[in-house]
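Reader: I am new to reading protein models. Please take one part and walk me through it closely, in short steps.

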Amino acid sequence: MKAIFDTVSYNCSKIVTNSYSTSFSLASKMLSDSIRQDIYNIYGFVRFADEIVDTFHDYNKELLFNDFETEMYKAIENRISLNPILNAFQQTVHQYNIQPELYEAFMKSMRLDLHKTKYLTDQEYKEYIYGSADVVGLMCLKVFVKGDEEQYNELKQSAMHLGSAFQKVNFLRDLKADYEDLDRTYFPNTDLNKLDEESKLRIIKEIEEDFEKGLKGILKLPVEAKFGVYTAFIYYRKLLKKLKKTPSLEIKNTRIRVPNYQKFGLLAKSYFDYRLNLI
């Protein structure tokens, strides 16, 4: 029965989410049952594409990526794939009418990571973030508003700012791994060999502005999504605060984390804010 295969596919996407990201997994659990699985489906898809370009160093990454992209298109066209992650993703694409320009922009940015290591201009930087983060936020927004185009258009800019904020925090947190292991620098006009407080604070100010604009959209999300997205917002804002307090040289030489006990504390704060109608 196809239903059994679909259930297996959904379970695979959930396993990917829970295995790769404790923070995203925790936030996803705060979403309504009616939309949670579709967010797992989106995360599983973007996670696998990202893994190909970031971690499969002993294999032909370009070949793997080309195969994955081809199978993605086949899955969406045929409404089925024997790759369970793509089978789950295509279901969400069709259910919420996720437009090709969103997942195509994502794949374009992921493909850049195969060869491009430096982003020298603001335009290159913004285009990469749009494809790697903003469109992921927009795919999730399609699910959050259950395909309502009017609400989607109203919240679109806020969702993009939130996606940008999350990605830029990741860039700053992963500065050491990106630079030393992958030879990548995403921030333009920034010499990572001489990262100083002025440069760090300039980046953080940019992220804080994205968070401020993103929060305005969170406040307008449907009840099924608001608590989960706010939980992710609280976590990333806490991470940014830790980065802000960390000396610039230390950021370059270590990976800043939020311990699990603090994550659960942030979850409690999110819950009380939500129950007290503060969001």
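Author: Start at Phe45. This is a predicted model. Leaving aside neighbours within four places in sequence, Phe45 is in contact with Phe68, Met72, Ile85 and Leu86. Phe89, Tyr103, Phe106 and Met107 are in contact with Phe45 too.

Now step back to the core around that residue. The largest nonpolar core has 74 residues. Phe45 is among those with the most contacts inside this core. So are Tyr103 and Phe106, both already met as partners of Phe45. Met139, Leu141, Phe144 and Phe211 complete that group.

Which elements give two or more residues to this core? Helix H3 (33-55), helix H4 (61-78), helix H5 (84-95) and helix H6 (100-112) do. Helix H7 (122-144) and helix H8 (149-173) do as well. Helix H10 (197-218) and helix H11 (223-245) finish the list. H7 gives the largest share, 12 residues.

Stay with H3 for a moment. Helix H1 (residues 2-20) packs with H3 at an angle of about 65°. The axes of H1 and H3 are 8 Å apart. Their crossing is left-handed. Which residues meet there? From H1 come Tyr10, Ser13, Lys14, Val16, Thr17, Asn18 and Tyr20. From H3 come Gln37, Tyr40, Asn41, Tyr43, Gly44, Arg47, Phe48 and Glu51.

Next, look at charge. Side chains of opposite charge can pair when their charged atoms come close. How many salt bridges does the structure hold? The count is 18. Take three pairs in turn.

The first pair is Arg111 and Glu69. Their side chains meet in a salt bridge, at 2.7 Å from N to O. Arg111 lies in helix H6 and Glu69 in helix H4, so this pair ties together parts that are 42 residues apart in sequence. Is each partner buried or exposed? Buried means under 20% relative accessible area. Glu69 has 18% relative accessibility, so Glu69 counts as buried. Arg111, at 26%, counts as partly exposed.

The second pair is Glu206 and Lys168. Their closest N and O atoms are 2.8 Å apart in a salt bridge. Glu206 sits in helix H10 and Lys168 in helix H8. This pair also links distant parts of the chain, 38 residues apart. Lys168 is buried, at 8% relative accessibility. Glu206 is partly exposed, with a relative accessible area of 28%.

The third pair is Lys200 and Glu197. Their side chains form a salt bridge at 3.2 Å, N to O. Both lie in helix H10, 3 residues apart, so about one helical turn separates them. Lys200 is buried, with a relative accessible area of 1%. Glu197 is partly exposed, at 34% relative accessibility.

Salt bridges can also share partners. Arg47, Asp50 and Glu51 are joined into one network in this way. Arg47 and Glu51 are familiar: they are among the H3 residues that meet H1.

Last, the cysteines. A disulfide is a covalent bond between the sulfur atoms of two cysteines. How many disulfides does the count come to? It comes to 0 disulfides. Cys12 is partly exposed, with a relative accessible area of 23%. Cys140 is buried, at 10% relative accessibility.

Go back to Phe45 once more. Trace its contacts with Tyr103 and Phe106 on the model. Then find H7, the helix that gives the core its largest share.

Methods. Residues numbered from 1 in each chain as written. Predicted model: local features only at pLDDT ≥ 70, side-chain atom pairs only at ≥ 80, totals over all residues. Heavy atoms only, no water. Core = buried A, V, L, I, M, F, W, Y, C linked by side-chain atoms within 4.5 Å. Buried < 20%, exposed > 50% of the residue type's maximum accessible area, 1.4 Å probe, protein only. Helix = DSSP H or I, 4+ residues; strand = E, 2+ residues; numbered from the N terminus. Contact = heavy atoms within 4.5 Å. Salt bridge = Lys/Arg side-chain N within 4 Å of Asp/Glu carboxyl O. Disulfide = S-S within 2.5 Å. Axes fitted to C-alpha atoms, helices over the stretch in contact; angles between N-to-C directions. Left-handed = near helix turned anticlockwise from the far one by under 90°.
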